[in-house]
Amino acid sequence: MDYSMFLNIKEELMLISLIVILLLYDLIAGEKGRKYFGLTACILLGIHTIANLFPGEPVEAFGGMYQYTPMMTIVKSILNIGTLLIFMQANTWLNREDTKFKQGEYYVLTLSTLLGMYFMISAGHFLMFLIGLETASIPMAALVAFDKYKHNSAEAGAKYILSAVFSSGLLLYGLSLIYGTVGTLYFNDIPAGIDGNPLQILAFVFFFAGMGFKISLVPFHLWTADTYQGAPTNVTSYLSVVSKGSAVFVLMIILMKVFGNIMAQWQAILYGVVIVTITIANLFALRQQNLKRFLAYSSISQAGYIMLGVIGGSTLGMTSLVYYVLVYMVANLAAFGVISIIRQRSGKIDMNDYNGLYKTNPKLSIVMTLALFSLAGIPPFAGFFSKFFIFAAAFQAGFHLLVFIALINTIISLYYYLLVVKAMFINENDAPIATIHSDNYTKLSLVLCTAGIVVLGILSIVYDKISLFSYGI
């Protein structure tokens, strides 16, 4: 083997180096050194993100098991930015008495899951894909149960790992059927043997079931609400944004590269899954009072919208998907950031607790409102344009009725998002949540998320006007 091929995986090598540095820092830093653990982790991750921000030339390594394209750098950079924002929001939580000695574990586990996502994204072989999937999933279970002395966190960790094991088993069985019918696991070689026979369709169903768990698609979503509620809030936000974003991108790559010959079959499956996912998630979100469960069902609904970019199997769908993930990331992290601050300072998490929040915490209320408006797709915020582009991709692919059903569901989602806004600005409360002062790290993360919601919306307007002008409209 030519060891120079390792130079082609510089993004993964840099992330491994970052994990090793933080692990050593945790071992040698005393109590004083741990005070700067969060700052050190954020600086190193920021340097790593900037160093790998610019795409390079397409390349393959290790006989095609590892593949790289410029789009992969963009996706990895988005995941890096999301992880960095989550690290900022986690600073206060990690400096509590019961967690400050576990900071090293948190950062190493989180970056280990990110490394697994890197390998998934760049996989050109199902073995590499599976290694990345498990590298991302196993540390995630530890993160979900991070507050191990709290019953809800331990229970959430148990539910997550059991569901993950079952879904991985289904996925692995599907891969074994693919290998049995085709005789290879290389993404570039499999399409030559895919002819759409019943065994291959069954293999795809098992594979998609395993991926459906990672993305929280109905009917593979049953773990989501309990896990989101029981896990630490910062872990929940990581699950809902970074983990989901990487899984959706990988699914689209595999559908287009590996299962392109049976596109009609998997489009039919996705058609039903998207409708059921969006509709059921929206209906269940209407019934929620706990805001973490509320955002869990919102996350499931958003996963259904994201799949609209996948179902067309086009370049426009790919671009719209990546943009949607970016916009969803900043909006969802803003919402989870506000929830995390309020829960840590007051212990309150129900929607009724937010009644009259604007009177005592106007800035947090405004950030939450902007985040919810973006998630709902209200113009001129970025969420409107991300939905517009992803609807356009599905419409262009000929799924007109599906887009119409998604639009109807958008109206339902608008209602339950506005329930939270109504609670903060309109509902009366004799004893609203007291004024809350957050740390500088969290303030910066919320400023960046809010700026992302607004700036991405403005850039979308400019881009849309340029596109119309170029077509002479």
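Tutor: Helices here are DSSP runs of H or I with at least four residues, and strands are E runs of at least two, numbered from the N terminus. This is a predicted model, where local features need pLDDT of at least 70 and side-chain atom pairs 80 or more, while totals for chains, interfaces and linings use all residues. Residues are numbered from 1 along each chain as its sequence is written, and side-chain values use heavy atoms, leaving out hydrogens and water.

Student: Cool! What happens just after α9?

Tutor: Serine 216 has a positive phi there, about 70 degrees.

Student: And which residues of α9 are buried?

Tutor: Among them are Phe204, Phe207, Phe208 and Ile215. Buried means under 20% relative accessible area, exposed over 50%, and partly exposed in between (1.4 Å probe, protein chains only).

Student: New topic: how many aromatic pairs are there?

Tutor: The structure holds 32. Rings of Phe, Tyr and Trp (its six-membered ring) pair with centres within 6.5 Å; planes under 30 degrees apart are stacked, over 60 edge-to-face, the rest tilted. Tyrosine 173 and phenylalanine 206 are edge-to-face, with centres 5.0 Å apart and planes at 80 degrees. That pair joins helix α8 to helix α9, across 33 residues.

Student: Is phenylalanine 206 buried or partly exposed?

Tutor: Partly exposed, because its relative accessibility is 21%. Tyrosine 173, at 44%, is partly exposed too.

Student: Which residues join up in a ring cluster?

Tutor: Ring pairs link Phe126, Phe129, Phe187, Phe204, Phe207, Phe208, Phe220 and Phe259. Phe204, Phe207 and Phe208 are also on the buried list for α9.
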